[in-house]
Each structure stands twice: as C-alpha cells, then as structure tokens.
Amino acid sequence: MAGNNQIYVALLRGINVGGKNKIKMTELRSALENIGLRRVKTYIQSGNVLFESSDAEATVRQRIEQEIAAVFGITLTVVIRTAEEMEKIVRHCPFSSELIAEAAATCVGESLYVALLPEPPLPSGIEKLAAANNEDDAYELVGRDVYLLFRHSVRDAKLSANLQKLGKPVTVRNWNTMSKLVEMAKELRE
C-alpha cells in the first residue's frame, strides 16, 4: 500500500429502503470518484461502499455526506470503518457458534447483525437500550459497534426497534454483508 492510503468502508444509512432515498450505485460511485475517492466499489443496493483515500475518517465522512446532499438531495449519516476495523468486527464476534446456531434455527431470515454507529453511544443510551431488550434477543456493545443476535425476527424485535435509543445514528448490516465487505476490502488491499 502506497503512503498512508487507507481502505475504507462507508455504510450509508437509510438509502434504497422501502422505495425512499433512491440512489443508483453507478451514480453513487461517480459522485464519490468526483470528490477524489479512489478505487470506489459498491456492494448491493443498501449503500455499502469501499474506497481508498489518504484522508482521515472524519474528513472522508463529511465529504461523502456533503456530496450526497449536493448531488442527490439526500441528507443522511455515513458510518465509516477502515478495512482493519471491519476485519476486527467480523473476527471478534462475541456470540459463540452454538448460540448463533440456536438463534438461526428459530429465526425467520438472518439472525446475526451488526449495528454500526459513527461514534460510541452515550451511557444513557446504553441504559435505555438495555431496558428495551426483552431477554429474547442478545446484544453486545463493543466500542461503536453493537452485535445483535435475534431469535425470532429482526423485523419484530424490540431490540432493533429501540436501537435509536442509543442516541446516535445507527446503520445495521447482516453478518453475510459484513463478511462480504471484509472480503472485498482484502481484495482492494492486495
């Protein structure tokens, strides 16, 4: 890797969900290349972008948010992680494989997710989330990421409905998407 270039993953919150905030991935790639991001790649339609930049996370985040507002007229939060941070999230899942298998057996759809926040939640937000959880589902907060394990359905879970109580914007990705983004980031680094 040349100089201090970093491979980043940008997770856009709330685009292409239920017909709202529609952005075509080809147009998104072009817009991000126009602000100087290099080797821009997208994964599926839910706003997952990989790219290379020598700028700091906060700078990149602000530039992407401003560009999306200017080009697409959409105000949204972008959550950024480095390739290394994404690898660490996937490598250090706090739930045992037995627990994950149990949840997968009873869950409709995916059972394992990660909620990613731009910065760590406030202690008051963590308390509110704990109070909202009905022992049915499990979560583990690690820094600015929340691992979520659902035993029935992410859609009906009290836990997912109350993530906003953390007091910070949250974007959620399922484990398959997280794993695929790590794989794609590795390819970009090689």
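Begin by selecting Pro 120: with a relative accessibility of 47%, Pro 120 counts as partly exposed, a class that lies between buried (under 20% relative accessible area) and exposed (over 50%), computed with a 1.4 Å probe and protein chains only. The model is predicted, so local features need pLDDT of at least 70 and side-chain atom pairs count only at pLDDT 80 or more, while totals for chains, interfaces and linings use all residues. Residues are numbered from 1 along each chain as its sequence is written, and side-chain values use heavy atoms, with hydrogens and water left out.

**Stop 1: around Pro 120**

Pro 120 sits in the loop that links β5 (112-116) to α5 (123-132); helices (H or I, at least four residues) and strands (E, at least two) are DSSP runs, numbered from the N terminus. Display its surroundings next. Setting aside residues up to four places away in sequence, Pro 120 touches Gly 143, Arg 144 and Lys 168, where contact means heavy atoms within 4.5 Å. For a distance label, pick the C-alpha atoms of Pro 120 and Asn 134: these residues are 14 apart along the chain, and the separation is 23 Å.

**Stop 2: the hairpin of β6 and β7**

From Pro 120, move to its contact Gly 143. Gly 143 belongs to the hairpin of β6 and β7, which has two residues between the strands, and takes a positive phi near 65°. Now select residues 138-142 (β6) and 145-149 (β7): the two strands pair in the antiparallel sense over five bridges, pairing being assigned if DSSP finds at least two bridges between two strands. Within this pair, Leu 141 stands opposite Val 146 of β7.

**Stop 3: strand β5**

Keep Val 146 selected and add Ala 115, which stands opposite Val 146. β5 and β7 run antiparallel and are joined by five bridges. β5 also pairs with β8 in the antiparallel sense, over four bridges, and there Val 114 faces Arg 173 of β8.

Is β5 mostly covered or mostly open? Colour the strand by accessibility: β5 is mostly covered, with five of its five residues buried. In a regular strand the side chains alternate between the two faces of the sheet. Inspect each face in turn: Leu 112, Val 114 and Leu 116 lie on one side, Tyr 113 and Ala 115 on the other, and all are buried.

**Stop 4: Asn 162**

Select Asn 162 in the loop between α6 (158-161) and β8 (171-174). Asn 162 counts as buried because its relative accessibility is 11%. Beyond residues up to four places away in sequence, Asn 162 touches Leu 129 and Ala 132.

**Stop 5: Thr 82**

Go next to Thr 82 in strand β4 (residues 78-82). Thr 82 has a relative accessible area of 13% and is therefore buried. Which residues does Thr 82 contact, leaving aside its neighbours within four places in sequence? They are Gln 6, Ile 7 and Tyr 8. A C-alpha distance label to Tyr 8 reads 4.3 Å, although 74 residues separate Thr 82 and Tyr 8 in sequence.

**Stop 6: the hairpin of β2 and β3**

Select residues 38-43 (β2) and 48-53 (β3), which pair in the antiparallel sense over four bridges. Lys 41 stands opposite Leu 50 in β3. The strands form a hairpin with four residues between them.

Two backbone angles deserve inspection here. Most residues other than glycine have a negative phi, and most peptide bonds are trans. Arg 39, in strand β2, is not a glycine, yet has a positive phi of about 55°. Ile 44, in the loop between β2 and β3, likewise is not a glycine and has a positive phi of about 45°. Arg 39 is partly exposed at 37% relative accessibility, and Ile 44 is partly exposed at 43%.

**Final view: the whole protein**

Zoom out to the full chain, whose secondary structure comprises seven helices and eight strands. Its radius of gyration (over C-alpha atoms) is 17 Å, close to the 16 Å that the globule rule gives for 190 residues, so the protein is as compact as a globular protein of that length; the rule is 2.2 Å times the number of residues to the power 0.38. Along the principal axes, the C-alpha atoms fill a box of roughly 45 × 35 × 30 Å. Of the 190 residues, 45% count as buried. Among contacts between residues at least 6 apart in sequence, 71% join residues at least 24 apart.
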